[in-house]
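Here's a quick briefing to read alongside the structure. It goes topic by topic, so feel free to jump around.

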Protein chains: 2
Amino acid sequence: MEVIKEKKKMREWSRAQRKAGESVALVPTMGFLHAGHLSLITEAKQRSTKVVVSIYVNPTQFAPGEDLSTYPRDLEGDLHKLKSLDVDVVFNPYDLYAHNGPEETPDVAKEAGSKKRNLPERWSTAAEQEEKKSQVADLQDSLEENLKPNGGMAVANMHDENKGRHETWIRVERLEKPLCGQNRPIFFRGVVTVVAKLFNIVEPDVAVFGKKDYQQWRVLCRMAQDLDFAVEIIGCPLLREEDGLAMSSRNVRLSDTERQQALSISRSLKEIEALVKMGEVDANLLVKCIIEKITAAGGKVDYAKIVEQDTLREVDKIKVPVVAAVAAHFGSVRLIDNVELQPPS
Amino acid sequence: MEVIKEKKKMREWSRAQRKAGESVALVPTMGFLHAGHLSLITEAKQRSTKVVVSIYVNPTQFAPGEDLSTYPRDLEGDLHKLKSLDVDVVFNPYDLYAHNGPEETPDVAKEAGSKKRNLPERWSTAAEQEEKKSQVADLQDSLEENLKPNGGMAVANMHDENKGRHETWIRVERLEKPLCGQNRPIFFRGVVTVVAKLFNIVEPDVAVFGKKDYQQWRVLCRMAQDLDFAVEIIGCPLLREEDGLAMSSRNVRLSDTERQQALSISRSLKEIEALVKMGEVDANLLVKCIIEKITAAGGKVDYAKIVEQDTLREVDKIKVPVVAAVAAHFGSVRLIDNVELQPPS
C-alpha cells in the first residue's frame with residue numbers, strides 16, 4: 001500500500017493506472033475509519049481494479065466554532081486498517097489548498113509564448129507544516145467573511161491579504177439548502193468543492209460515499225452530473241453499531257451517558273419505520289414522534305424532516321420514496337442519522 | 001475534421017487520443033469566428049498535437065434582457081474556416097445542460113449494488129430541438145430567479161418544476177466581482193461553470209483563451225488552479241482590426257456610424273498608453289481621459305478602470321503591471337477592450 005502526500009504524485013499514479021488499463025475507485029474520507037468506511041472500500045473493490053482512499057479533514061466544510069479542532073484523528077490506526085483491506089493508495093495530501101508549493105507566485109495566469117515553470121519537487125517537512133497552518137488560517141478567515149449577516153452567502157473583499165488565496169467555490173444551489181444546509185450554510189459548499197478537487201487530482205472512474213450522509217450523497221451526485229464529471233457516484237447503505245447507533249467517527253466523543261441518550265435517534269427512526277409499514281403516511285405526525293423521543297432522552301434536535309429522496313423536498317404525506325433525516329446534539333456532539341422509507345402499499 | 005455533437009462521443013474521442021499518446025488542446029468559443037479566434041487556434045496547435053474547437057453559445061452567461069437571442073451565429077461559415085485551419089474536432093454540443101438524454105429520470109443517484117442503465121445512443125433531431133429549447137427556457141428561468149433583488153447572488157426555491165434542472169454553479173468569488181461583474185453579476189458564474197463542464201467532457205491538456213476577455217482569462221486561470229483541473233490555461237493577445245477596433249463577434253452588429261464612434265475606445269487606450277510611457281502614473285487622470293473620449297464620441301461607458309493585472313484591484317498610481325479595461329455601449333452593442341500597461345521605468 002502506497003501513501004501519497006502530494007497532488008501531483010497522486011495524479012501521476014492514477015494516470016499510470018489508467019494507461020495500464022486499470023480502473024480506479026476513490027473513497028473520500030476524513031479518517032478515523034470505522035466499519036462504515038470499510039464497507040465503502042469493499043464496495044469500491046467490486047467496482048474497480050484499484051482503490052484509492054483519501055484521508056483529509058477538510059477545513060472548508062467546518063464553520064468557525066464547529067468541531068474542526070476536535071474532530072477525531074488517528075492516521076496510524078487508519079493506515080493499519082487500510083493495509084489489511086488491501087487498499088492500493090492512501091491519499092493524505094498536505095498541499096490540497098496550496099498552489100503548487102510555496103515558491104509559486106500568486107500570479108497563476110499563463111500567456112501565449114511563456115515558458116513552463118520548474119516547480120519544487122517536494123517541500124521540506126517544516127515548510128509543509130507552516131504552509132498547512134497558514135492555509136487553514138486563511139481558509140478559516142475566508143469562512144468567517146462568509147458567515148457575516150447575509151444568510152451564509154459568499155462575500156469577498158479585494159484586500160491585499162487575499163492575493164493568491166483559494167476563492168473558487170462550487171454550490172449545488174437547491175439541494176444544499178434544506179436539512180444540514182439550514183444550520184451549516186457553508187458545509188456543502190466546502191464538501192462539494194473539496195470533492196471536485198479530489199476528482200480532478202485522482203481522476204477516478206468511480207467514487208463511493210455513505211448514505212449515512214444522505215444529503216451529501218445526493219448533493220455530490222447532482223454536482224457530478226451537472227458539471228459532467230466522468231465519475232460514477234455510488235451510495236452505500238448506512239451501517240449501525242450493535243445497539244443501533246449509526247456509525248460515525250464522532251461517536252467516540254460521546255460520554256457513556258450521551259451515548260445511551262443518543263440511541264433515541266435510531267430508536268425513533270425504527271419506530272416510525274414500523275408505523276409507516278403499518279400504513280401511517282402523515283409525515284408531520286411521524287416527525288413529531290421523532291422529535292419527542294429524542295427530546296425526552298435529553299437530545300437537542302437540530303432538525304427532523306421527512307423529505308423526497310431525490311429532491312429532498314419536505315412532504316406532508318408519504319406517497320413517494322422518502323427519507324426521514326435527523327440531526328441532533330448530545331452534549332457537544334452533533335449526530336446525524338436517516339432511514340429510507342417506501343410509501344405503504 | 002470531425003464535428004461532434006454529443007458529450008459522450010466527445011469524451012470518447014479525447015480518451016482515445018490520450019491513449020494513443022496525443023495531447024489535446026481546447027479552444028472554447030461561442031462561434032462567429034474572426035481572426036482573433038483563429039490566432040487562439042494557431043497557439044493551440046503549438047501547444048498540443050490535437051486541437052478541439054468548441055462552438056456553443058452558452059445561455060447561462062447571458063442574463064434575461066442581454067443579447068442571447070441576437071448574438072451572431074454562422075455555424076456553416078465557422079466550419080469552413082476551421083476546416084482550412086486543419087482543426088481536428090469541432091465540438092458543437094446540443095446536450096450540454098441535458099442529463100444523458102430525455103429518457104434519463106431526474107433521480108441521478110446511484111446506489112451500491114445497482115445496475116448500470118442503458119441510455120439511448122442518439123436523440124432524434126426533433127427531440128434535440130425540443131429538449132434544447134426547454135433547457136434554455138429552464139436555465140433562463142433560473143437566471144431570472146438569480147437576478148431578484150439580492151445583489152445577483154443565487155436564490156433557489158424547491159419548486160416542483162425545478163426537479164432535475166441544472167443547479168450547480170462555480171463562482172470565483174473575488175475576481176468575478178469587479179469590472180464586467182459589476183453590471184453582469186451572473187456572467188462569470190455562467191462562463192466558469194460551462195468551461196468546467198467542457199474541461200470535464202473534453203479532458204484537454206491545454207485550453208486557450210483570448211486576453212480580449214481579460215477578466216475572463218484571469219477568472220478561468222484561478223478556477224482551474226483552485227479546483228486542481230489538470231488543464232494548462234493560456235491567454236493570447238487581443239487582436240485589432242486595421243482601424244484599431246478590438247476584434248469581436250459583436251462588431252457586426254454595429255451600424256456604420258456606431259462603428260466609427262466605437263473607435264474612440266481603442267484610441268483612448270492608445271492615448272493613455274502613450275501617456276504612461278511618458279511617465280504619467282495617475283490612474284484617476286488616465287481613466288478620466290478614457291471616459292471623456294468615449295463619451296464625447298457618443299458612447300456610454302459601462303466602466304473604465306485601471307486595475308492590477310493579477311488581482312484586478314483598482315490602483316491609484318501605476319506602480320505595478322496593470323491593465324486598463326473598458327466596457328462601453330454604442331447603440332445596443334456592448335463592447336469591451338483593454339490594454340496591459342507597465343509602470344514607467
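Let's start with a ring that's tucked away: Phe188(A) has 3% relative accessibility, so it counts as buried, the cut-off being under 20%. Keep in mind that this is a predicted model. From that ring we'll move to the other aromatics, then to a sheet, a well-connected asparagine and a helix in chain B.

**Aromatic pairs**

- Phe188(A) pairs with Phe187(A) in an edge-to-face arrangement, with 4.8 Å from centre to centre and 65° between the planes.
- Phe187(A) counts as buried too, because its relative accessibility is 9%.
- Searching the whole structure turns up 10 aromatic pairs over all chains.
- Another one of them is Phe62(A) with Tyr71(A), also edge-to-face, at 5.9 Å between centres and 75° between planes.
- Both Phe62(A) and Tyr71(A) are buried.

**The sheet that takes in both chains**

- There's an open sheet of 7 strands with parallel pairing, and its order is S1(A)-S4(A)-S3(A)-S2(A)-S7(A)-S8(A)-S5(B).
- At the edges you'll find S1 of chain A (2-4) and S5 of chain B (110-111), each of which pairs on one side only.
- Further in, S2 (residues 24-29) and S7 (residues 206-210) of chain A run parallel to each other, paired over 2 bridges.
- To see how those two line up, look for Ala25(A), which sits opposite Val206(A) in S7(A).
- Helix H2 of chain A (residues 35-47) lies across S2, S3 (50-55), S7 and S8 (232-236) of chain A, plus S5 of chain B.
- Relative to S7(A), that helix runs at about 155°.

**Asn338(A) and its surroundings**

- Asn338(A) belongs to strand S11 of chain A, which covers residues 333-341.
- With 7% relative accessibility, Asn338(A) counts as buried.
- Its side chain gets to the backbone oxygen of Lys212(A), at 3.1 Å.
- Setting aside neighbours within four places in sequence, Asn338(A) touches residues including Lys211(A), Lys212(A) and Tyr214(A).
- Its contacts also include Leu238(A), Arg240(A) and Leu269(A), as well as Val323(A), Ala324(A) and Ala325(A).

**Helix H7 of chain B**

- H7(B) covers residues 214-226, and its 13 residues should span 18 Å at 1.5 Å a residue.
- The end C-alpha atoms of H7(B) are indeed 18 Å apart, so the expected span and the model agree.
- H7(B) is mostly covered, with 13 of its 13 residues buried.
- After H7(B) comes Asp228(B), which has a positive phi, near 60°.

Note on methods:
Residues are numbered from 1 along each chain as its sequence is written. Chains are lettered from A and ligands numbered from 1 in the order in which they are written. This is a predicted model: local features need pLDDT of at least 70, side-chain atom pairs count only at pLDDT 80 or more; totals for chains, interfaces and linings use all residues. Side-chain values use heavy atoms; hydrogens and water are left out. Two strands pair if DSSP finds at least two bridges between them. Helices (H or I, at least four residues) and strands (E, at least two) are DSSP runs, numbered from the N terminus. Contact means heavy atoms within 4.5 Å. Axes are lines fitted to C-alpha atoms, for helices over the stretch in contact, and angles run from 0 to 180 degrees between N-to-C directions. Buried means under 20% relative accessible area, exposed over 50%, partly exposed in between (1.4 Å probe, protein chains only). A polar contact is a pair of N or O atoms within 3.5 Å; within protein, one must be able to donate a hydrogen and the other to accept it, and residues adjacent in sequence count only if both atoms are side-chain atoms. The expected span of a helix is 1.5 Å times one less than its number of residues. Rings of Phe, Tyr and Trp (its six-membered ring) pair if their centres lie within 6.5 Å; planes under 30 degrees apart count as stacked, over 60 as edge-to-face and the rest as tilted.
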